[in-house]
2 protein chains.
Amino acid sequence: MPDDGLIHADLLIVHGDVFTMAGDGSGYIEDGAVVIAGNRIIETGASGPLSLRYRAARVIDATDRAVLPGLVDAHVHGGIALLRGVAQDSDSWLRSLEPFVNAMSLEALLAGSMLTVIEGLRSGTTTFCDNSPGIAHSLPFYEKAGPRVAASPLTSDAVPASSDSTGALPKFSDEMRALGLIETRDLIERWNGAGAGRIGVQLGPRAADFCSEKLLAELRDLSEKHGLKIHMHLAQDKRETAQVLRRYGKRPVELLDSLGLLNERLIAAHLIDCTDKEVERVARSGASMAFCPSSLLICDGILPPADVFMDCGGLVALGTDETSSNNGANLFSEMKIACLALKMKRADAAYMPAWKALRMATAEGARAIGLGNEIGTLEAGKKADIILVDLTLPSLVPVMRRPVRNILPNLVLSARGDEVCLSIVDGKVVYENGRMALFDEKDAMGFIRKTAGEICLGAAREAAETRTAPFVMTENGEY
Amino acid sequence: MPDDGLIHADLLIVHGDVFTMAGDGSGYIEDGAVVIAGNRIIETGASGPLSLRYRAARVIDATDRAVLPGLVDAHVHGGIALLRGVAQDSDSWLRSLEPFVNAMSLEALLAGSMLTVIEGLRSGTTTFCDNSPGIAHSLPFYEKAGPRVAASPLTSDAVPASSDSTGALPKFSDEMRALGLIETRDLIERWNGAGAGRIGVQLGPRAADFCSEKLLAELRDLSEKHGLKIHMHLAQDKRETAQVLRRYGKRPVELLDSLGLLNERLIAAHLIDCTDKEVERVARSGASMAFCPSSLLICDGILPPADVFMDCGGLVALGTDETSSNNGANLFSEMKIACLALKMKRADAAYMPAWKALRMATAEGARAIGLGNEIGTLEAGKKADIILVDLTLPSLVPVMRRPVRNILPNLVLSARGDEVCLSIVDGKVVYENGRMALFDEKDAMGFIRKTAGEICLGAAREAAETRTAPFVMTENGEY
């Protein structure tokens, strides 16, 4: 190494429009640079001075590129991604999905997470909060493919667990509870901190109507013991409220509070069947909210109350939920929909400005899932999870820097997702110019297609017998 | 030519998942084919028999491709596309836009239409209802670049025409009216039917508050004489209503009716400041509606009443409005937002199913703009405006054909737009695999960037003086 007085770095990104998202706004740096050593950012600043101070193994010229923290998908069931588009436009998404869910194998869950990762990485997502049954089976793929993951199983001890009827209360099974706890403990032991820290574990009780009090309490204890987040659905539909009320005489928020679950370790998804008072109670407890606007609008025609949650000082992260309801795993699309739907709800064009949506998918999203010290902003000391977005593509043209800097609103409100040209996770390039760096995408897609074919065969009879809405639309030639 | 008994065609598309959109649904053909001779479709059907019957100069294998009618953008102000992202998140989009509008030249209007065409063609749009001042200046580009266009000038005789205040009534100028009519007549004479019929003209009074009764009546007469559509904003904001009420003692819908403008020749954009009764009156008159959900949600936080219009039997087409408000020109994104916003308004997940959104952007959109006999479906006799969409890209995987055919819901709710791999207009390939076929995109983008730079310089002082919301967000480091 030449003795030129320069500091050695591994990666130097220069001449970008850098949005660090540090502080309260966008943390913009014009002609900005990001310096990476190992898996961490060691400095950000103006390209001129940093170029003079550092020598790097690879220098990336980010001229005409926006440089952003990798996006955080705070709530995504990768496992059921293969069921994309089979249950939409229906009075009951869950019922329409059921014939396909019943035809799924463990392989299908893996294939689903693979598809989610492929689609997500191609749209700028670098962290996936993947909440899926059998998630351990998918983690070797996550380890290889390179993204960051906060993995949680979808734990339930209710029998049957798949019905969406508001009728009979399911029974709780001691055996399933024990199995769920074994799965969770194994997951923590084998995977928490694996992949040089890229893989983390969260606890994943499905919801208050799918878990006994006993299971919830044991997961709460595990969460306290290991300092892990509990990632669960809360007040996600009327069924949950009805069942919890019948069983305990309490509504779901009240129940969770009485069990000691309403606190800063909780990530609550959806909060659909909630009064504003209940939303406030959750927000003020320090819990965060996973906000999945597309999915809930498609499944239920309802916008989750992210505005109320934020107004009460709560931290909101953005999630795609699952391609089987969203129907994509594209956080650029999700940011736009979050802005538009909240502006519509509030009848206020100035509400939910683009920069807040980008913070929701980066800085705030990272804090909400408990990784605020590690990722979400481009700052010295943070892990190097970074995306580059090509500003020469027509959806982001023209770039203006003054008198108004139009890059950020166009990233949020116009980008399709395919403008992402480079993704770095933990200091490593995982995606570049249409190619996955660490795995064979073609092989993965072959496996995904084959598995999807098996699901179709398996679901055929039940879909025809139950005549789900999308089955009927297919038959009628509408689909 | 060999005497093999085969019929000669120019283009044969085979083995596609063909959505003809003929009839009332999706008109799906599995392993389908489309046969094109000259600028028209001569047959559609199953690939097997058609392959045996036709010989074509070019055969396109559409295996793993959806084959659709090209999308129709029924309301787009191409001219102001360069002002993308400078006026969002603001109490008054129009006021925030003004410093930039005031810095525009005729060249900027051309550059804007170029950008709209480039972005649109790259996302499956083949027909643009471009309603822009100085549109004649952009038509040579449309002629060369290949898309279909229904061009209308943005005609106004109000002085000043740019204010959005609800205060003083503008005066109407005889000279401007005369100039507007000359521009319109010239446009009809020079351009209506040009480009072998690809270029059509519509009449484009800006709105009832920007046009005198006299101008509206003269445009009505021209429309009757030439059988041309009148494409105009109607009830687009409270300003319009307030001004029209003060001037005539009537609300805008009433005024248009009294002038004989409320009929099947009218394409009415927005209908924002309308009672449901008024929406019904417009729908029942036979007029159609241009529905631009993203734009109105971004500018005003209001969803236009497309549901009411449809419920009254009215024909609704989809539009992107302009990248300066949308912020994209991407009808795939617009279809998703149309579905989600209408489901939200009606609190009904089954409302506005995906197939209706696709019809809105194809068959119904074409009828709404008066081209229903020419385009909008893939049927024998129609002009060959066709797009191919790559179903192997992750956002559209997996493809299922039974028991539920998931292709259409995923096209509407998941596609980013970049899955479009081939676009044909009037029988000619205009876009293929990332490349424009008929013009140099790089040259065009250079011109667009240069022109945008000039606008920024020109707008700097006024934006700083008036401190528009986006200017302040830029200054504050939020943008």
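**Exercise 1. Work out what share of chain A counts as buried, and how its contacts are spread along the sequence.**

Step one is to fix the term: a residue is buried if 20 or more other C-beta atoms, placed from the backbone, lie within 10 Å of its own. By this count, 63% of the 479 residues of chain A are buried. The model is a predicted one, in which local features need pLDDT of at least 70 and side-chain atom pairs count only at pLDDT 80 or more, whereas totals for chains, interfaces and linings use all residues. Residues are numbered from 1 along each chain as its sequence is written, and chains are lettered from A and ligands numbered from 1 in the order in which they are written.

Step two concerns contacts, where two residues are in contact if their C-beta atoms, placed from the backbone, lie within 7 Å. Among contacts in chain A between residues at least 6 apart in sequence, 73% join residues at least 24 apart.

**Exercise 2. Describe how chain A is divided into domains and which elements of domain 1 touch domain 2.**

Begin with the bounds, which come from an automatic or database domain assignment: domain 1 of chain A covers 7-69 + 377-436, and domain 2 covers 71-368. Their centres, taken over C-alpha atoms, are separated by 29 Å, and the contact takes 25 residues from domain 1 of chain A and 25 residues from domain 2 of chain A.

Next, look at the elements, which are DSSP runs numbered from the N terminus, helices being H or I of at least four residues and strands E of at least two. On the side of domain 1 of chain A that touches domain 2, the elements giving two or more residues are β5 (65-69), α16 (407-413), β17 (420-425) and β18 (428-432). Of these, α16(A) gives the most, with five residues.

**Exercise 3. Explain how chain A and chain B are related, and name the helix of chain A that gives the most to their contact.**

First, superpose the copies by least squares on the C-alpha atoms of residues with pLDDT of at least 70 in both. A turn of 180° and a shift of 0.0 Å along the axis lay chain A on chain B with an RMSD of 0.0 Å. The two copies are therefore related as by a two-fold rotation axis, and in chain A the C-alpha nearest this axis belongs to A:Arg416, 2.7 Å from it.

Then turn to the contact itself, which takes 79 residues from chain A and 79 residues from chain B. On the side of chain A that touches chain B, α17(A) gives the most, with nine residues.

Notes:
A residue is buried if 20 or more other C-beta atoms lie within 10 Å of its own, exposed if 12 or fewer, and partly exposed in between; C-beta atoms are placed from the backbone.
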